[in-house]
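Work through the exercises below with the sequence and structure at hand. Each task is followed by a stepwise solution.

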Amino acid sequence: LEELNMSDQKRFSNKVIIVTGAAQGIGRGVAVQAAAEGAQVVLVDRSEYVTEVLAEITAAGGDAITVNTDLEVLAGAQTVVAHTLKAYGRIDTLINNVGGAIWMKPFQEFSEEEIIKEVGRSLFPTLWCCRAVLPEMIKNQAGTIVNVSSVATRGINRVPYSAAKGGVNGLTAALAFE
C-alpha cells in the first residue's frame, strides 16, 4: 500500500465506492487500490477480517468504513446502502465481488442444500446489491456498477456455481439494457 500512496494517480478522488467481498482476494485488492487512488471506500463483508483491510487503508491515510452484513438477503444490501449514505452522502460506484465455488464435484453428487448454498453465495449478493443501489443512482442520474463474474460459467465439477455466475452475466446484460 505504501507504494500505491506514492502514486500521483488519483482516479477516484471524491468518489464513493462500495466493494463487496472486501475482506480478501480480488475484493481486498480492489478496495486497497481504490483507496490508494483517492476513493472513499465502503468495505463490505460478512467476515470480521474486513477490519484488517480497514486498518491497512486508514494507516496509509485512506478513507474507509466497514459494513458487516449478509448480502444473500436484500436487507443486507439495503444496510450497505444506508450506511454508505449516512457516512458519505452518496454512492458513485458499486463493485460486486462476492461469490466463489464452495464445492467441486460432479453435479449429480450435489445435494439440494448444497445447490441452494452455491447459488445463494454467488448470485444473490450481486442481485440484491444492484437492486439496493439503483434507486439512489437513478435519483442522482449517475453511478457505475461493476459485477465480477467468472470464466467458470463453462467449468466442470461446479455446475451450481457456473449457473450462478451465468445468472450474474445475464443480470449485468439485462440491467445495462434497462
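**Exercise 1. Give the order of the secondary structure elements, then judge the overall compactness.**

Step 1. This is a predicted model. Read from the N terminus, the protein chain runs α-β-α-β-α-β-α-β-α-α-β-α.
Step 2. Tally the elements: seven helices and five strands.
Step 3. Compare the radius of gyration with the globule rule. The protein chain has 17 Å, close to the 16 Å that the rule gives for 178 residues, so it is as compact as a globular protein of that length.
Step 4. Add the extents. Along the principal axes, the C-alpha atoms fill a box of roughly 50 × 35 × 25 Å.

**Exercise 2. Describe the contacts, burial and surface of the protein chain.**

Step 1. Take the contacts with a separation of 6 or more. Of these, 61% join residues 24 or more positions apart.
Step 2. Turn to burial. Of the 178 residues, 38% are buried.
Step 3. Take the accessible surface. The total is about 9400 Å², and carbon and sulfur atoms hold 54% of it.
Step 4. Finish with charge. There are 15 positive and 19 negative side chains, with the centres of the two sets 5 Å apart.

**Exercise 3. Locate S122. Is S122 buried or exposed, and which residues does S122 touch?**

Step 1. Find the element. S122 sits in helix 5, which spans residues 112-122.
Step 2. Apply the cut-off: buried means under 20% relative accessible area. S122 has 0%, so S122 is buried.
Step 3. List the contacts, leaving out residues up to four places away in sequence. S122 touches G99, G100, Y161, A164, K165 and V168.

Technical notes:
Residues numbered from 1 in each chain as written. Predicted model: local features only at pLDDT ≥ 70, side-chain atom pairs only at ≥ 80, totals over all residues. Heavy atoms only, no water. Helix = DSSP H or I, 4+ residues; strand = E, 2+ residues; numbered from the N terminus. Rg over C-alpha atoms; globule rule 2.2 N^0.38 Å. Buried < 20%, exposed > 50% of the residue type's maximum accessible area, 1.4 Å probe, protein only. Contact = heavy atoms within 4.5 Å. Areas by Shrake-Rupley, 256 points an atom, 1.4 Å probe, with all protein chains shown as cover. Lys, Arg positive; Asp, Glu negative; His and termini not counted. Charge placed at Lys NZ, Arg CZ, Asp CG, Glu CD.
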